[in-house]
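Grab your viewer and a scratchpad. The exercises below each come with a worked solution, so try each one before reading on.

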Amino acid sequence: MSQLVWEKTVVTLASMDIKLAPGKAYPLGATWDGKGTNFALFSESATGVELCLFDEAGQQTCIPLSEVDHFVWHGYVPGVKPGQRYGFRVHGDYAPKRGHRFNPAKLLIDPYAKAIAGDVSYGAEIFGYRWSDSKKDLSFCNINDAAHVPKAVVVDESFDWEGDRQLQIPWHETVIYEVHVKGFTRLHPDIPEKLRGTYAGLAHPAVIAHLRSLGITAVELLPVHHFHAYAGHLVEKGLRNYWGYDPIGYFAPYSGYSASGSEGQQVAEFKEMVKALHAAGMEVILDVVYNHTGEGNHFGPTLSLRGIDNAAYYSLVEDNPRYYMDFTGCGNSLNVRHPQTLKLIVDSLRYWVLEMHVDGFRFDLAPTLAREQHEVDRFAAFFDIIHQDPVLAHVKLIAEPWDIGEGGYQVGQFPPLWSEWNGKYRDTVRDFWRGEEGNLAEFAYRFTGSSDLYEEDGKRPQASINFVTAHDGFTLNDLVSYNEKHNEENGEDNQDGDDHNRSWNCGAEGETDDPEVSQLRQRQRRNFLATLMLSQGVPMLLGGDEMGRSQQGNNNAYCQDNEVTWFDWDLSEEDQALLTFTRQVIHFRAQHPVFRRRSWFKGQDLHGSGMSDIGWLNPDGSEMSQQQWQEGLTEAIGIFLNGEEIATPDRRGDRLTDDSFFLCLNAYHETISFTLPTELQAWEWEVVINTNEPRILEAERFYKDSKPLPIPACSLLLLRRLIGN
């Protein structure tokens, strides 16, 4: 292994035929103006900064930046154009006990880089301390790591958007599809092999057709910020960081998802993807990780912020700044109390909206961003800045409302403008369909948009992002196929991942040939999908659930960049039927505003129909009693949804009406007969959804009067009042 000792040298610019002009302190990063490039880097505690330019052979030229304004080191280099690779070396105290970890032997990635070429090469070189030293991170490593660290790339930000702009699809019309850029298309047979697993692959007509056929309105991408893919503990096991939740560049799209190269082409390729999705009527939401970086804890590598200004960018233990506050479980937390850290986050968000045209963000472990001291503060500066920003206040903002710190579970606590991943919805719906007793009232709240969590804050049902499965945990297929996690391939003795999955294998663990178990699993998959699409709020579908994707029971597949996580497009007859059902139920939701109301149910007659906007009924047709709600022992319930009693008008301001529906839910292990309440028996009804069937039924007259309607075990039936009755 080549280990070059870094020696500080005096650079004579004239001898290199390089001119350095003072340049500007703003904007930060590298900015090409058509004639040259301005470079600017913030570091409050540095004593010196060197700009390092690299030629095609990897040889570097280091240029000291002598201009400093408000802690921003800057300079302008004529002739430097797009495609130029660069990095920084930052001088200062190496004093970990005081929170400083400057080390000019380590090439540092520009935190404002618009493109980054390649991945970090794991090895002793990338650490600021000597591995072999007994003092560990208190020691100093002077090995040059330039050959092991990816270089930032100067880019040409011009792009012909051809009139493209954010779509601003209303929340109540939104259906989110959470997906991984690479895994989605890596095995897609209709996409040219070179494009598979890339931004261009996701923009391919075959993918667009699949998403449109589903009725998806927003694609939520797992992290695309350039990330540290080859952390040591994974490299040693022959694995890699697949999900991408270890960012090292908040402006740069990950180069590994580019089909055309990593020398800046990934930027244009990402923009082409966004433009294609927008043209097909779909928004792009990014899963962003501003709570921590891929540099890890005090034993982690020095790649960017740690070496630029560790004490400014990271939240350090107050009385022992050698160590990092860790609210994320990933080794560090960004210091949102520092103005420059907040600026970095907001500048990044604005860049992705204004320059990359994305439509919104899902914030990973969002409570960490509100920890100005220790506790989560819903009035934190981060929220104030977002709410006052004329750009960011008008895009979709979604919080993952929990982190691992004290008081980190914040479901229902985020301020106005924010929607949340509703973890309570996920848990409640899972429990209901596996027959857990005692959650009926909870189920009613979740099904109707979680007013108990959001109504008092002036929010609407769309504050609740409803989901049953997500990237973190079981897929839908595995949720009904495994009682226990099976993460052995992760190399952690099956100790990683959540142990409490609220799953039910329907009678056999994993794959089975038992036809009864298989049929029950198919029915349960349809139950979950139908419940998700009929609930008030915003549904989020985990990519691949529509066609039975399995991870073989792995509920923490963050490191599986292989067939475990890649979509298998060779569908069985059962999975093809599930895909058809999913398409139908999503389109059915889009056709009926009673399932995507913009306001809360009132439990009363609003427009003179003579009946309440919603009714909760026992299988015998009687109204649910207060005692039954308190006991919560019922595993079967009927719900009347009155299409004549929608409180809010349509887009034109006219009164909005819809069909009326009667929904029968039976989570019990035996058949239960339902009877319509007396006031509904005069109408004629048709069955439109029956989860015993792998499709939505059409115009099948089925029910009238008071005859009992048997609902099989673990199934859902939706009746629609026939028009004219």
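What follows is a set of five exercises, after a short note on conventions.

This is a predicted model, where local features need pLDDT of at least 70, side-chain atom pairs count only at pLDDT 80 or more, and totals for chains, interfaces and linings use all residues. Residues are numbered from 1 along each chain as its sequence is written, and side-chain values use heavy atoms, with hydrogens and water left out.

**Exercise 1. Strand 23**

Task: work out whether strand 23 is buried or exposed, and which strands pair with it.

Solution. Start with the terms: strands are DSSP runs (E, at least two residues) and helices are DSSP runs too (H or I, at least four), numbered from the N terminus. Buried means under 20% relative accessible area, exposed means over 50%, and partly exposed is in between (1.4 Å probe, protein chains only). Strand 23 covers residues 538-542, and five of the five are buried, so it is largely enclosed by the rest of the structure.

Next, look at the side chains. In a regular strand they alternate between the two faces of the sheet. Here V538, M540 and L542 point one way, while P539 and L541 point the other way.

Now the neighbours, where pairing takes at least two DSSP bridges between two strands. Strand 14 (residues 176-179) runs parallel to strand 23, joined by three bridges, and Y177 sits opposite L541. Strand 22 (residues 464-466) also pairs with strand 23 in the parallel sense, over two bridges; there, I465 has V538 as its bridge partner.

**Exercise 2. Nonpolar cores**

Task: find which residues have the most contacts inside the largest nonpolar core.

Solution. A nonpolar core is a set of buried Ala, Val, Leu, Ile, Met, Phe, Trp, Tyr and Cys residues joined through side-chain atoms within 4.5 Å. The largest one has 166 residues, and L221, F270, F361 and F363 have the most contacts inside it. Zoom in on F270: leaving out residues up to four places away in sequence, it touches Y199, L221, V224, P253, L286, W352, M356 and V358 (contact means heavy atoms within 4.5 Å). Apart from that core lies another of 18 residues, among them M611, F662, C664 and L717.

**Exercise 3. Backbone oddities**

Task: locate a cis peptide bond and two non-glycine residues with positive phi.

Solution. First, the bond from Y26 to P27 is cis, with omega near 0°. P27 lies in the loop between strand 1 (4-5) and strand 2 (29-32). Second, F71 has a phi of about 70°, in the loop between strand 6 (67-69) and strand 7 (72-78); F71 is partly exposed at 42%. Third, L417 has phi near 85° and is partly exposed too, at 45%.

**Exercise 4. Cysteines**

Task: count the disulfides and explain why C559 has no partner.

Solution. The cut-off for a disulfide is a pair of cysteine sulfur atoms within 2.5 Å, and the count is zero. For C559, the closest cysteine sulfur is in C330, 13 Å away, which is too far for a bond. C714 is in no disulfide either, with the sulfur of C506 nearest at 7.3 Å.

**Exercise 5. A helix pair**

Task: classify the packing of helix 6 against helix 7.

Solution. Axes are lines fitted to C-alpha atoms, for helices over the stretch in contact, and angles run from 0 to 180 degrees between N-to-C directions. Helix 6 (residues 305-313) and helix 7 (residues 339-354) pack at about 120°, with axes 9 Å apart. Angles under 35 degrees count as roughly parallel, over 145 as roughly antiparallel, 65 to 115 as roughly perpendicular and the rest as oblique, so helix 6 is oblique to helix 7. L305, A312 and Y313 of helix 6 make the contact with Q340, T341 and L344 of helix 7.
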